[in-house]
Amino acid sequence: MVIRRILILDDDAEVGQTIQWIAESLGFEAEFVTHSAEFFDRLAQMCPDIITIDLVMPELDGVEIMRLLAERKSRAKIIISSGMGTRVLDAAERSASEHGLSIAGVISKPISKEALRSLIGEGSECNQAVSSEKQSPHRDEFEPTKSDLQSALDRHEFVLAYQPKIECISGATAGLEALVRWKHRDRGIVMPDQFIPVAEKFGLIDALTSQIFDQGLDWFAKSFPESNLKMSMNISAKSLVDINLADNLSDLCHQNMVPPERVVLELTETSAMVDPILSLDLMTRFRVKGFQLSIDDFGTGYSSMVQLVRLPFSEIKVDKSFVVRSQQSRESRTVIKSIIDLGHSLGLLVTAEGVEDLDTLNYLNSLGCDLAQGYFIAHPMPGEAACRWVERRKLSLPV
Ligand code: C2E
Ligand code: CA
Ligand code: CA
């Protein structure tokens, strides 16, 4: 039987001791230390599966410890413990995830056995939740080169998955978002976060956008010729440098016989727009040609109210980081409500992405959110499966 190891860092020995006892009673091999130097010593020798870190400590605080863990590329699951309020704990959790650490959760002091168990389960291999994740392959560091991407484009290795969007109030399908995947010859499916930024860096994003746009429109036209469904496509802000993009995309729509009115262009990182005036002109041209425009990931560092008011958006997407936490975090609920109210007061449709359970969907509906998207409704799927999903959904809803 594999026994999992947990290393505890808390400057208060009594607290550290208590967590150790609780962890041992759950079947873990546990050790606690009170100083950071000792912590990094034990870390190297013990290779723990789980680490608990006190946020407030006199020498190095928890945030600094996590930065050092990130530098060491630690793969242990991290639990942040503290007696501080949820806002500080939430911020610490976000900062750890931004550094690429794997966070099991946060836990408030005084620490109870039940709270710890709910985060880490039991120490032996029979705990499925953590051990199966442990066995799953780690996301490796794949940095494609320019020629990798160019040959993938030449070989048409980029494919689209489609994730449905529904109306909160009726549950009816409103549309689908196209999300690109790379069908790599050796690596299998590569997710967009691993190649979109590289395509942007090497100036290949426009070629990628037109290739997948064409593919998506062709699928959409054939699958839903006579319907009101909309298709959302993601456009990199880095592409907003060519005033002809509006003509190129609208030509692709006409070639595929999809009216631009049925296409929503989702834009992220509006602050990264290279040329704000050109972007404004281009976005206005998109609207003039009939496209809908959506501001993606709203509420993150990349989107802002100024952009929302200045640019001709028709939809606002509440970032999933707020939506996935809405049931646990009052702050997230406040942000969601404010974004919905802001969107509606500007006459925009509001979509919430990252809906992972029924309670969240009901909550969004109670706030008057228009559209919802997320794993609870459906995961992104290949084209054929997405068509079947839309058909089944139609049959399951009252007419
Ligand atoms: P995004 O546009 O914000 O897309 C939503 C991401 O959240 C997708 O990840 C989707 O699979 C994931 N997701 C959907 N439902 C849930 C949920 O309930 N919970 C959670 N935790 N996640 C959910 P994906 O497919 O890995 O895409 C990542 C990002 O890559 C996209 O974020 C988008 O910014 C970018 N991207 C995807 N396709 C394209 C594309 O064709 N062109 C460009 N320029 N960017 C793209
Ligand atoms: Ca999107
Ligand atoms: Ca998003």
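The following legends describe close-up views of a predicted model.

**View 1. Surroundings of ligand 1.**
The shell around ligand 1 has 22 residues, and those that come nearest are Gln 163, Arg 181, Asp 296, Glu 356 and Tyr 375. Two of the polar contacts shown involve side chains. A polar side-chain atom of Glu 356 lies 2.6 Å from a nitrogen atom of ligand 1, and a polar side-chain atom of Arg 181 lies 2.8 Å from an oxygen atom of the ligand. The backbone also takes part: an N or O atom of the Val 180 main chain is 3.1 Å from a nitrogen atom of ligand 1. Taken alone, ligand 1 exposes 800 Å², of which the protein buries 87%.

**View 2. Make-up of the shell around ligand 1.**
Two elements, β7 (173-184) and β11 (292-298), each give two or more residues to the shell around ligand 1. Strand β7 gives the most, with four residues. Sorted by class, the shell holds nine nonpolar, eight charged and five polar residues.

**View 3. The calcium ion (ligand 2).**
Four protein atoms coordinate the calcium ion (ligand 2) at 2.1 to 2.4 Å: OE of Glu 177, OD1 of Asn 234, OE of Glu 266 and OD of Asp 296. Along the chain these donors follow the spacing E-x56-N-x31-E-x29-D. Glu 177 lies in strand β7 and Glu 266 in strand β10 (residues 263-267), so this pair ties together parts that are 89 residues apart in sequence. Both glutamates fall under the 20% limit for a buried residue: the relative accessible area is 4% for Glu 177 and 0% for Glu 266.

**View 4. The calcium ion (ligand 3) and the bridge to ligand 2.**
The protein donors of the calcium ion (ligand 3) lie 2.1 to 2.5 Å from it and belong to Asp 296 (OD), Asp 297 (OD) and Glu 353, which is listed with OE twice. The donor residues have the sequence spacing D-D-x55-E. Asp 296 bridges this ion and the calcium ion (ligand 2), and the two ions are 4.3 Å apart. Asp 296 lies in strand β11 and Glu 353 in strand β13 (residues 349-353), so the pair ties together parts that are 57 residues apart in sequence. Asp 296 and Glu 353 are both buried. Asp 296 is also among the residues that come nearest to ligand 1.

**View 5. Ile 235 in strand β9.**
Ile 235 belongs to strand β9 (residues 230-235). With a relative accessible area of 2%, Ile 235 is buried. Beyond its neighbours within four places in sequence, Ile 235 is in contact with Thr 209, Phe 213, Leu 245, Leu 249, Leu 265, Glu 266, Leu 267 and Thr 268. One of these contacts, Glu 266, is also a donor to the calcium ion (ligand 2). The C-alpha atoms of Ile 235 and Val 264 are separated by 10.0 Å, and the two residues are 29 apart along the chain.

**View 6. Asp 10 in the loop after β1.**
Asp 10 sits in the loop between β1 (5-9) and α1 (13-25). Is Asp 10 buried or exposed? Its relative accessible area is 0%, so Asp 10 counts as buried. A polar atom of the Asp 10 side chain lies 3.0 Å from the backbone nitrogen of Asp 12. Leaving out residues up to four places away in sequence, Asp 10 touches Val 15, Gly 16, Val 33, Thr 34, Asp 54, Met 57, Ser 81 and Lys 109.

How values were computed: Residues are numbered from 1 along each chain as its sequence is written. Chains are lettered from A and ligands numbered from 1 in the order in which they are written. This is a predicted model: local features need pLDDT of at least 70, side-chain atom pairs count only at pLDDT 80 or more; totals for chains, interfaces and linings use all residues. Side-chain values use heavy atoms; hydrogens and water are left out. A residue is near a molecule or strand if one of its heavy atoms lies within 4 Å of it. A polar contact is a pair of N or O atoms within 3.5 Å; within protein, one must be able to donate a hydrogen and the other to accept it, and residues adjacent in sequence count only if both atoms are side-chain atoms. Accessible areas come from the Shrake-Rupley method with a 1.4 Å probe; for residues, only the protein chains shown count as cover. Ala, Val, Leu, Ile, Met, Phe, Trp, Tyr, Cys and Pro count as nonpolar, Asp, Glu, Lys and Arg as charged, and the others, Gly among them, as polar. Donors are N, O and S atoms within 2.8 Å of the metal (3.2 Å for Na, K and Ca); water is not among the atoms, so sites may look incomplete. Buried means under 20% relative accessible area, exposed over 50%, partly exposed in between (1.4 Å probe, protein chains only). Contact means heavy atoms within 4.5 Å.
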